[in-house]
Amino acid sequence: MKFRKTLLALTLCVTGATAQSPALAQETVTFQASPIVPTAFKVKRAKAKGIELKPTPGIELTGEFYASSAGDKSPAVVILISGDGLQESHLQWAETLAEAGYAALVVDSFGSRGGINAMDTAGVDYNDDAVSGYRYLAGRDDVDPNRIAVLGFSTGGAQVMSVTNEATARIPDSFTPYAAISMYPICPPDGVNKWPLLIVAGDQDSMISLTSCQMHTYNSMKNEHPAELEVIMGATHFFDNPMYEEGGGLDMLGFTYDEAARKEAVARVLDYLNNTAS
């Protein structure tokens, strides 16, 4: 497949590609987004005109699926990509998870809709992409439906926090991830996560507010909802992306790739997935 590397404005949370080219995804898969249900207001207006509105089928989504090295009935992770579109770095994370015993599904939110990134793709329902990816994994014979987590990067990380926020409407009861991980997201200071949540961010990240992430974590814990914030010292917004090292192509933006910080983040994520109860 063709990987896209598009530079966005600094106002958009993005992540980049890894320096090493990962192995090709084991399988490109397609799955249905949730049906689009008309609002009660639209149903009422249509009924007044003698028209019965029904849900319309959701679009066909595309993803890259990595089978777990552990074999059948393995735990799994839905990966939500960053705003610059599907990148090699997302696939590298999926490969790392697969090697550690987790099946992984990278949802191509923008390519599924004919675009490349958040700037050229309208009408993306990020929350439903997470739900639909979860539903697809839960229906696979080689995945344990009780051990499915969600992981998002930057813009995708913010969406992880949205789809797991107990105040978010229209999330089906069947969506019950055992863990949620948000990598350097823009955190909502209010709200409470519904499922166990880990936020990972650097203390030198100028694109997010660590204070907001701390407030969200505090609010969740105060309401007896498990939440953790892992702050990696010296790390910037794109600390796990080799494209931001000197000469990597995106180093002019002022963010710094940090191999040690990346290894720390990988270890922390795997530890969290391994030790969070379903």
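# Strands, cores and a small cavity

Modeller: In this predicted model, β3 and β4 pair in the parallel sense over five bridges.

Biologist: What makes two strands a pair?

Modeller: At least two bridges are needed. β3 and β4 have five, so they pair. In one bridge, V78 stands opposite L105 in β4.

Biologist: Which strand pairs with β4 in the antiparallel sense?

Modeller: That is β2, residues 60–66, and the pairing runs over four bridges. Four meets the cut-off of at least two, so this pair counts as well. F65 has L105 of β4 as its bridge partner.

Biologist: Why is β4 called mostly covered?

Modeller: Five of its five residues are buried. Buried means under 20% relative accessible area.

Biologist: Which residues of β4 point which way?

Modeller: A103, L105 and V107 point one way, while A104 and V106 point the other way. All of them are buried. In a regular strand, side chains alternate between the two faces of the sheet.

Biologist: How do you know that Y66 is buried?

Modeller: Y66 lies in strand β2. Its relative accessible area is 2%. The limit for buried is under 20%, so Y66 is buried. The C-alpha atoms of Y66 and L91 are separated by 8.9 Å, although these residues are 25 apart along the chain.

Biologist: And R170, buried or exposed?

Modeller: R170 has 63% relative accessibility. Exposed means over 50%, so R170 counts as exposed. R170 sits in the loop between α4 and β6. Its phi is positive, about 65°, although R170 is not a glycine.

Biologist: Where is K73, and what is its phi?

Modeller: K73 is in the loop between β2 and β3. Its phi is near 55°, again a positive value in a residue other than glycine.

Biologist: What makes a set of residues a nonpolar core?

Modeller: The members are buried residues of the nonpolar kinds listed for a core, joined through side-chain atoms within 4.5 Å. The largest core here has 39 residues. I79, L97, L151, M183, F239 and L273 touch the most other members. Elements that each supply at least two residues include β3, α2, β4, β5 and α6. The largest share, seven residues, comes from α6.

Biologist: Which residues does L97 touch?

Modeller: Leaving out residues up to four places away in sequence, L97 touches V77, I79, Y102, A104, L151, L270 and L273. Apart from the largest core lies another core of 30 residues, among them A103, Y136, I148 and M161. In soluble globular proteins, nonpolar side chains tend to be buried together.

Biologist: How many cavities does the search find?

Modeller: Two of 30 Å³ or more, over the whole structure. The second largest has a volume of about 30 Å³. Its lining is L80, I81, S109, Y126 and G156.

Biologist: Why does that lining have three nonpolar and two polar residues?

Modeller: Leu, Ile and Tyr count as nonpolar, so L80, I81 and Y126 fall in that class. Gly counts as polar, so G156 does too. Ser is in neither the nonpolar nor the charged list, so S109 is polar. No lining residue is charged.

Biologist: What is the picture for the protein chain?

Modeller: It has six helices and eight strands. Along the sequence they follow β-α-β-β-α-β-α-β-α-β-β-α-β-α. Of its 278 residues, 55% count as buried. Among contacts between residues at least 6 apart in sequence, 77% join residues at least 24 apart.

Technical notes: Residues numbered from 1 in each chain as written. Predicted model: local features only at pLDDT ≥ 70, side-chain atom pairs only at ≥ 80, totals over all residues. Heavy atoms only, no water. 1 Å grid on protein atoms, 1.4 Å probe; cavity = no way out; pocket = protein on both sides within 12 Å on 5 of 7 lines; lining within 4 Å. Points joined across faces, edges and corners; volume = space filled by probe spheres on them. Buried < 20%, exposed > 50% of the residue type's maximum accessible area, 1.4 Å probe, protein only. Contact = heavy atoms within 4.5 Å.
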